[in-house]
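The following exercises concern the reading of a single protein model. Each consists of a task and a worked solution.

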Amino acid sequence: MTQNTVEKTSLTLLGLGAMGTALARTWLSADLPLTVWNRTPARASALAAEGARVAESAAEAVAANSLIVICLLDDASVDEVLVGADLAGRDLVNLTTSTPAQARARAEWARERGARYLDGGIMAVPPMIGVPEAGGYVFYSGSRELFELHHRTLGVPAGTTYVGEDAGFAALHDVALLSAMYGMFAGVAHAFALIRKEDIDPAALAPLLADWLVAMTPAVHRTADQLRSGDYTKGVVSNLAMQVAGTPTFLSTAEQQGVSPELLKPYFELMSRRLAEGSGEEDLTGVTDLLVRRGAVSCPDQGR
């Protein structure tokens with residue numbers, strides 16, 4: 001597909017929140033013919049001056065083009081917005097945040113209505129859209145044929161990463177990465193809490209903390225290698241027994257500093273449970289298996 005082909009591609013965008021508006025502006029800046037619709041008409045009207053065609057209804061917007069991008073509040077909103085729209089022959093790209101199960105159900109829903117389907121998980125915030133150097137990208141899963149057909153157009157606002165035919169994989173990758181992010185944020189919050197009442201400038205700790213987190217990132221690759229091989233003792237630097245022995249220091253320090261240990265204790269408890277199973281020479285990777293086992297017990301019907 002040539003750049004000229006991309007420039008002539010027309011598409012419809014449903015949903016003009018902060019992310020939808022950012023997407024719309026990048027496509028308009030690339031001179032792609034764009035039809036937009038939003039429940040709050042004022043947001044759509046603001047884009048009309050930038051060259052967007054504003055549809056009076058979602059059904060009209062869907063009828064305008066074969067490529068339909070959806071960026072709404074949640075999965076339920078997709079049902080509400082597309083009621084009465086003729087989706088036969090349309091290519092649906094759903095960038096609405098959803099769970100893997102919702103994405104798979106939505107793919108089947110689209111197929112029953114005669115549409116092809118791609119699900120997307122946006123790894124960016126609105127200011128990153130249309131700024132290649134910001135590093136934002138979108139996970140896509142579902143029809144590979146559909147992705148290959150439209151990936152250049154979809155790549156105008158942000159990078160594209162295709163992760164498989166299973167429509168739920170984009171959402172799963174999205175949530176997996178964001179879960180790790182929130183785990184990092186939890187650790188950062190605890191670190192700053194420890195110094196909060198001391199004569200230590202948070203701005204002085206920040207570069208030390210950021211550099212330390214970067215230095216620890218190779219552990220991600222080691223964990224993946226251990227999970228793949230099944231050998232959790234491979235490449236161990238500090239084994240589980242040694243790390244569990246050190247956890248009282250962290251808990252005592254939190255107590256002495258008047259800081260709640262609630263962000264650390266659940267992970268430390270999992271580490272201790274894994275150690276009790278006789279896995280002292282392993283890395284921390286076995287905690288992953290404990291989480292999966294606990295999830296299966298807590299949610300026995302999940303995935304049925």
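The exercises below treat confidence, the sheet and its helices, the pockets and the cavity of this predicted model.

**Exercise 1. Confidence**

Task: State the average pLDDT of the protein chain, and determine how residues 1-6 should be treated.

Solution. Step one: the average pLDDT of the protein chain is 94, and 94% of the residues score at least 70. Step two: over residues 1-6 pLDDT stays under 50, and the model has eight contacts beyond four places in sequence for this stretch. Step three: where pLDDT is low, predicted coordinates should not be read in detail.

**Exercise 2. The sheet and two helices**

Task: Establish the strand order of the open sheet, identify its edge strands, and describe how β4 is joined to β5. Then place α6 and α7 relative to the strands.

Solution. Step one: the open sheet is formed by eight strands with mixed pairing, in the order β3-β2-β1-β4-β5-β6-β7-β8. Step two: β3 (53-54) and β8 (159-162) each pair on one side only and are the edge strands. Step three: β4 (residues 67-70) and β5 (residues 91-94) run parallel and are joined by four bridges; within this pairing, L67 has D91 of β5 as its bridge partner. Step four: α6 (residues 100-112) lies across β5 and β6, at about 150° to β6. Step five: α7 (residues 144-154) lies across β1 (11-14), β4, β5, β6, β7 (137-142) and β8, and runs at about 50° to β6.

**Exercise 3. The largest pocket**

Task: Give the volume of the largest pocket and characterise its lining by position, element and class.

Solution. Step one: the largest pocket holds about 2,400 Å³ of space. Step two: its lining comprises 48 residues, with G183, L213, M216, Y267 and L284 nearest the centre. Step three: the elements giving two or more residues to this lining are α8 (169-195), α9 (202-216), α10 (218-229), α11 (240-256), α12 (265-276) and α13 (286-298). Step four: α8 supplies the largest share, 13 residues. Step five: by class, the lining divides into 33 nonpolar, 13 polar and two charged residues.

**Exercise 4. The second largest pocket**

Task: Carry out the analysis for the second largest pocket, beginning with its volume.

Solution. Step one: the volume is about 620 Å³. Step two: 31 residues line the second largest pocket, and M19, C71, L72, L73 and T97 are the closest to its centre. Step three: α2 (18-29), β6 (116-123) and α8 each give two or more residues to the lining. Step four: the largest share, five residues, comes from β6. Step five: the class counts are 16 nonpolar, eleven polar and four charged. Helix α8 thus appears in the lining of the largest pocket and in that of the second largest pocket.

**Exercise 5. The cavity**

Task: Count the cavities of 30 Å³ or more, and determine which residues line the largest cavity.

Solution. Step one: the count comes to one cavity of 30 Å³ or more. Step two: the largest cavity has a volume of about 40 Å³. Step three: its lining consists of L23, W27, L95, V138, Y140, L154, P157 and A158. Step four: α2 and β7 are the elements that give two or more residues to this lining. Step five: by class, the lining has eight nonpolar, no polar and no charged residues.

Definitions and conventions: Residues are numbered from 1 along each chain as its sequence is written. This is a predicted model: local features need pLDDT of at least 70, side-chain atom pairs count only at pLDDT 80 or more; totals for chains, interfaces and linings use all residues. Side-chain values use heavy atoms; hydrogens and water are left out. On a 1 Å grid over the protein atoms alone, a cavity is a set of points where a 1.4 Å probe fits but cannot get out, and a pocket is an open set with protein on both sides within 12 Å along at least five of seven lines; lining residues have an atom within 4 Å of a point. Grid points are joined across faces, edges and corners, and a volume is the space filled by probe spheres set on the points. Ala, Val, Leu, Ile, Met, Phe, Trp, Tyr, Cys and Pro count as nonpolar, Asp, Glu, Lys and Arg as charged, and the others, Gly among them, as polar. Two strands pair if DSSP finds at least two bridges between them. Contact means heavy atoms within 4.5 Å. Axes are lines fitted to C-alpha atoms, for helices over the stretch in contact, and angles run from 0 to 180 degrees between N-to-C directions. pLDDT is the predictor's confidence in each residue, from 0 to 100.
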